[in-house]
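Colleague: I am new to this model and would like a close look at one part of it, the stretch that joins its helical elements. Please take me through that part slowly, and then set it against the rest of the chain.

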Amino acid sequence: MIGQGIVLMLAGMGIVYLFLLVLIAVTLMSMKGIAKFDSILPQDAPKKKAAPKAADDDANVALAIAVALNG
């Protein structure tokens with residue numbers, strides 16, 4: 001009974017490792033395939049966010065203090 005359990009355990013672990021190896025191989029191949037077609041659709045440059053104005057920031061801080069004191 002223990003022998004059958006060990007065989008079943010080793011078979012299960014072998015299947016899991018085989019699946020992981022296949023998954024890694026497919027992922028690497030898809031990365032190479034996607035890299036060939038990456039030039040067709042170039043990525044947009046990231047848009048820079050405008051820095052908040054100091055006056056708006058001061059107004060928000062003042063509002064937060066007023067709410068905390070009255071709240």
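Modeller: A good place to begin is Lys-48, which is found in the loop between helix 1 and helix 2, the latter covering 54-70; helices here are DSSP runs of H or I with at least four residues, strands are runs of E with at least two, and both are numbered from the N terminus. This is a predicted model, in which local features need pLDDT of at least 70 and side-chain atom pairs count only at pLDDT 80 or more, while totals for chains, interfaces and linings use all residues. Residues are numbered from 1 along each chain as its sequence is written, and side-chain values use heavy atoms, with hydrogens and water left out.

Lys-48 counts as exposed because its relative accessible area is 82%, where exposed means over 50%, buried under 20% and partly exposed in between, with a 1.4 Å probe and protein chains only. The loop between helix 1 and helix 2 also holds Ala-45, which is exposed because its relative accessible area is 63%.

Distances place these loop residues against other parts of the chain. The C-alpha atoms of Ala-45 and Ser-30 are separated by 24 Å, with their positions 15 residues apart along the chain. From Lys-48 to Leu-8 the separation is 40 residues in sequence and 56 Å in space, C-alpha to C-alpha. Leu-18 and Lys-49, in turn, are 31 residues apart in sequence, and their C-alpha atoms lie 46 Å apart.

Leu-18 belongs to helix 1, and with 55% relative accessibility it counts as exposed. Helix 1, residues 2-36, also contains Ile-6, and because the relative accessibility of Ile-6 is 42%, this residue counts as partly exposed.

The whole chain gives these residues their setting. The chain has 2 helices and 0 strands, and of its 71 residues 0% count as buried. Its radius of gyration is 29 Å, whereas a compact globule of 71 residues would have one near 11 Å; the radius is taken over C-alpha atoms, and the globule rule is 2.2 Å times the number of residues to the power 0.38. Along the principal axes, the C-alpha trace spans about 75 × 45 × 10 Å.
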